[in-house]
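Please open the structure in a viewer and keep a selection panel at hand. The tour below proceeds from one selection to the next and describes what is found at each stop.

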Amino acid sequence: MNVHADVARRRIEELLGTSDEQILRRWSALAKAPVDELKELYQALRTALAEEGSDLADIRGLLAELSRDRVRRGHTPSDTARAVFGLKEAVYEVVEADGGPEALRGFIWFSRLIDDLGLYTIETYATAREKVILDQAEQLLELSTPVVKLWDGIVAVPLVGTLDSARTQVVMEKLLQTLVDTGSEHAVIDITGVPAVDTQVAQHLLKTVVAARLMGAECVISGISPQIAYTIVTLGIEFGDIVTKATLADALAYTLRRSGIEFGEGRRTQIAIRAEDA
Amino acid sequence: MERVPILKLGDILIISIQIDLDDQSVLGLQEDLAERVVATGARGVVIDITAVEIIDSFIGRMLATIAAMCRLLDADTVVVGMRPAVAITLVELGLSLGGVRTALDLEKGVAALGHLHGRDTTR
């Protein structure tokens, strides 16, 4: 830093010190924020400036807190940034009253500093938002892929919502791990709640079935909607010898029979058969 | 070269792979197995790969080759205990091991063989 800039900077620091009452009051009016809220920030700024080579970590922390606080109270991030920028105007009035060339030169430097701090509040806001979105996506991924036990040796994955590659990957790994953990020889993948599939998702489903087969388990796919059936055929995807059933109930009945569990037909069915015979 | 032990249980041969297989020991295993199947007149072969964490296309093909070979010698092959990660790898490699029977664990594998031969070997 050359001598001129250093002198200018020191002049601004002096002005901030001597006219602090006036600046704070003006800033508070411009930013439409209570003096108490800004006072801490102002003090932190002065301390940071007084320290040679300070990295402004303290004031950044305070700003982040202020930004979060104001968002919670319904202010937009632009409001917060504008409130910070208000300090420039407040200080400029003092600089104008002083009128010295050092003060004016110093104001440019000060203005740049405040710009940085104002932008930092926006950055904090964006980062906080992004984190929330990421967390939610992760939670959604975990929530939406439960593996449930239907019977001894039969597990099912009811898939709900749009499938993408990342989700099918998670489903695949979770299902295969569950097969090992529970020693189940049958799995049902129910896609009743899936509105649409594309080639990639269908490919992933097929891979899951083949992988399960490699491990010694059998997979049944159930609940294929008419649209999906149409898409699959139109896309020319071969399901080969993979068993598909209309509903989860059909798939359960099929897997039960496959694992050698006997169960009586319901009474209503018997009546229906008799009626047919008669 | 490390040799994979081949155990005989009734008319079943059991191979449990506990070591990192290199190409040489895979070839050795294939030769040993063919000899043992003929010598013992085994009707079934169970290959346990529970301990195998990494698999490549060569070993994947080895499993298919062993199965084909044993079928020629009138023995059924069951691969048991494949880990999910290994299964996913094989699928990604495009190896679906068609024609190789699989089971979740050794017990189920032996039971499957007994079922094939029309009797319950687990009892």
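The stops below begin with chain A as a whole and end in chain B.

**Conventions**

This is a predicted model, in which local features need pLDDT of at least 70 and side-chain atom pairs count only at pLDDT 80 or more, while totals for chains, interfaces and linings use all residues. Residues are numbered from 1 along each chain as its sequence is written, chains are lettered from A and ligands numbered from 1 in the order in which they are written, and side-chain values use heavy atoms, with hydrogens and water left out.

**Stop 1: chain A as a whole**

Select chain A and display it as a cartoon: 11 helices and 5 strands are present. Helices (H or I, at least four residues) and strands (E, at least two) are DSSP runs, numbered from the N terminus. Of the 278 residues of chain A, 38% count as buried; buried denotes under 20% relative accessible area, exposed over 50%, and partly exposed in between (1.4 Å probe, protein chains only). The accessible surface of the chain is about 15900 Å², and carbon and sulfur atoms account for 54% of this area. Such areas come from the Shrake-Rupley method with a 1.4 Å probe; for residues, only the protein chains shown count as cover. Among contacts (heavy atoms within 4.5 Å) between residues at least 6 apart in sequence, 71% join residues at least 24 apart.

**Stop 2: strand β2 and its partners**

Next, select residues 154-160 of chain A, which form strand β2. Because 5 of its 7 residues are buried, the strand is largely enclosed by the rest of the structure.

Add strand β1 (residues 148-151) of chain A, which pairs with β2(A) in the antiparallel sense over 3 bridges. Two strands count as paired if DSSP finds at least two bridges between them. In this pairing, Lys149(A) stands opposite Val155(A). The hairpin has 2 residues between the strands, and Gly153(A) takes a positive phi near 85°.

Remain at Lys149(A) and show its side chain together with that of Asp152(A): the two form a salt bridge, with the closest N and O atoms 3.1 Å apart. The term denotes a side-chain nitrogen of Lys or Arg within 4 Å of a carboxyl oxygen of Asp or Glu. Asp152(A) is exposed, with a relative accessible area of 60%, and Lys149(A) is exposed at 58%.

Now add strand β3 (residues 186-193) of chain A, which pairs with β2(A) in the parallel sense over 6 bridges. Here Ile154(A) stands opposite His186(A).

**Stop 3: helix α7 and the crossover**

Select helix α7 (residues 165-182) of chain A: with β2(A) and β3(A), this helix makes a right-handed β-α-β unit. Right-handed means that, with the strands pointing away from the viewer, the path from the first strand over the helix to the second runs clockwise.

Within α7 of chain A, centre on Thr178(A). This residue is buried at 18% relative accessibility. Beyond residues up to four places away in sequence, Thr178(A) touches Val147(A), Val155(A) and Gly183(A).

**Stop 4: from β3 to helix α8**

Move to Pro195(A), in the loop between β3 and α8 of chain A. Pro195(A) is exposed at 53% relative accessibility. Outside its neighbours within four places in sequence, Pro195(A) is in contact with Gly161(A), Thr162(A) and Ile228(A).

Continue to His204(A), in helix α8 (residues 199-214) of chain A. Is His204(A) buried or exposed? At 10% relative accessibility, His204(A) counts as buried. Its contacts, apart from neighbours within four places in sequence, are Ser165(A), Thr168(A), Gln169(A) and Met172(A).

**Stop 5: further salt bridges**

Across all chains, 11 salt bridges are found. For one in chain A, select Asp115(A) and Lys88(A), whose side chains meet at 2.7 Å, N to O. Asp115(A) is in helix α6 (residues 101-143) and Lys88(A) in helix α5 (residues 77-98), 27 residues apart.

In chain B, select Arg3(B) and Asp32(B): their salt bridge brings the closest N and O atoms to 2.7 Å. Arg3(B) lies in the segment before β1 (6-9) of chain B and Asp32(B) in helix α1 (residues 23-40), so the pair ties together parts 29 residues apart in sequence.
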